[in-house]
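Subject: Structure handover

Hello,

I am passing this structure on to you. Please look it over first; my notes follow below.

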Amino acid sequence: METAREAAASKVAAGSSCGGVPAPAGEYWSEALKSFLDHIPISSIPGALQPTASPAVEIKLEGSVLDAIGAMYGGNAAGAVIVDEVQSSFGKYVDRDIGFVEFSSIVLWALEELGKVEHEPKDSSSDFLSSLKQHPQIAETKIAWLAKLFLWEPFFPVRTHDTLFHAMLLFSKHHRLNVVPVVELMNSNAIGFVTQNAVMELLLQSSGLEWLDKIADRQLSEFRFASVRKPVLVYSDQTLAHGLHVLSREKMGVAVIDRKTSCLIGSIQCSDLYLLLDNSSLFRKRTSISMEEFINLNNKTDDKHSNAENPSACEGQNILALRNTGQRSTGLPVTNLKSDTLKQAMEKLTASRSSFSFIVDEQGHMEGMVTTREIISVFSPPCMDSRIDGGTFFSAALEQVGCRVENGQMIQNS
């Protein structure tokens, strides 16, 4: 992205002069970085704007859990927009897209509910969707009702004229936000999505420039998250059902370690859940198959796919694809050493489209964990504290209640 690189250089050069009076180092870098990021349009983020008019799978507010899972699985979508049909002459001006739900959240909830009502499938040949149908109290649960369980994802859309700065603000300040919808100007129909990996991919396009390398070339050990965040662990001899239960509680990747050596051998994460629908035997045997068997089984499957597919085929894929040919295999999680640089971690994460990397020592023992959100936050504060009004989405919401933001403070209109 040559324009962005030139813009960054010019902003840094302008910041360094300051009328002949040098600014404090921290303030200089903060302002230069903020200015640069606030000049990159959302449309520059990889995958933010899809080529079709309706890039997202849509789920009606009154739709069922079974319908939602089937729609996302059939549409190869890791998430879906929740829509509320507005029947009025003002329909095209009224927000139709009102929420977002992830495939993993609904599947994990359904698995937990199934575990409460059955220990073994009623039919030994049944698959996941068939088992749901046998329990209508689960399958027919309304999407609207799931909002009470906080299973809807935060819905903070951005518009096409917003900037990378705005998207990074949202990701760094909202800890449950994984996807930011991109909406049209006249209404809130989603026309694309921004993911954390896409933001990092765009940031890496400035590799070689001082503003990024000054931060990204530091070792992971220099950052607080390298030692503070401790990954959740399960043992390789524990069952897949146990691993899924832990995953439903954590909503983040779970490390699988060998009980004898305490070394990392794999992981289970939300992006693996479609495998339970692809392979019905995994679902049926989840209470007896071990985590190690699960990892080994899927390593073999991934090897076959990687040999059969062209790596370049993943280019241009839907950014919310449930199955992704460019994604790292289930049994091989992203790992880094503490001596690796932040940039090396970013490159590994964007290549695998993973949301986290385990930090290990030379022997493979767990030492920590770093997430894409934490990396984005490194580039976000402290320049996102007091001089931003929240963007068009927040401004519009405040206008509805007679308020506005000035100089970082909310003021009620007179």
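Two strands are said to pair here if DSSP finds at least two bridges between them. Please also keep in mind that this is a predicted model.

With that definition in hand, take the hairpin of strand 11 and strand 12. There are 5 residues between the two strands, and Gly364 has a positive phi near 90° in this hairpin. Strand 12 covers residues 366-371, runs antiparallel to strand 11 and is joined to strand 11 by 5 bridges. One position to look up is Ser357, whose bridge partner in strand 12 is Val370.

Strand 11 also pairs with strand 10 (residues 335-336), this time in the parallel sense and over 2 bridges. Here Asn336 has Ile359 of strand 11 as its bridge partner. Between strand 10 and strand 11 the chain passes through helix 16 (residues 342-352), and the resulting β-α-β crossover is right-handed.

Is strand 11 enclosed or open? It is largely enclosed by the rest of the structure, because 5 of the 5 residues in the run 356-360 are buried. Buried means under 20% relative accessible area. Phe356, Phe358 and Val360 point one way from the strand, while Ser357 and Ile359 point the other way; all of them are buried.

The protein as a whole

The protein has 18 helices and 14 strands. It is 414 residues long, and 48% of these count as buried. Its accessible surface comes to about 19600 Å², with 51% of that belonging to carbon and sulfur atoms. Of the contacts between residues at least 6 apart in sequence, 66% join residues at least 24 apart.

The sheet of strands 1, 2 and 3

An open sheet is formed by 3 strands in the order 1-2-3, with mixed pairing. Its edge strands are strand 1 (57-60) and strand 3 (97-102), each of which pairs on one side only. From one strand to the next, the twist averages 35°. Strand 1 and strand 2 (residues 79-83) run parallel and are joined by 4 bridges. In this pairing Val57 stands opposite Ala80 of strand 2.

Two helices lie across strands of this sheet. Helix 3 (residues 65-74) lies across strand 1, strand 2 and strand 3, and runs at about 175° to strand 1. Helix 4 (residues 103-117) lies across strand 2 and strand 3, and runs at about 60° to strand 3.

Helix 4 and Leu149

Does the length of helix 4 agree or disagree with the span expected from its 15 residues? At 1.5 Å a residue helix 4 should span 21 Å, and its end C-alpha atoms are 22 Å apart, which agrees. The buried residues of helix 4 are Phe103, Ser104, Ser105, Ile106, Val107, Leu108, Trp109, Ala110, Leu111 and Leu114.

One of these buried residues, Trp109, can be set beside Leu149. The two are 40 residues apart in sequence, while their C-alpha atoms are 9.7 Å apart in space. Leu149 sits in the loop between helix 7 (143-146) and strand 4 (158-159). Leu149 counts as partly exposed, because its relative accessibility is 35%.

Regards

Methods
Residues numbered from 1 in each chain as written. Predicted model: local features only at pLDDT ≥ 70, side-chain atom pairs only at ≥ 80, totals over all residues. Heavy atoms only, no water. Buried < 20%, exposed > 50% of the residue type's maximum accessible area, 1.4 Å probe, protein only. Right-handed = clockwise from strand over helix to strand, strands pointing away. Axes fitted to C-alpha atoms, helices over the stretch in contact; angles between N-to-C directions. Contact = heavy atoms within 4.5 Å. Areas by Shrake-Rupley, 256 points an atom, 1.4 Å probe, with all protein chains shown as cover. Expected span 1.5 Å × (residues − 1).
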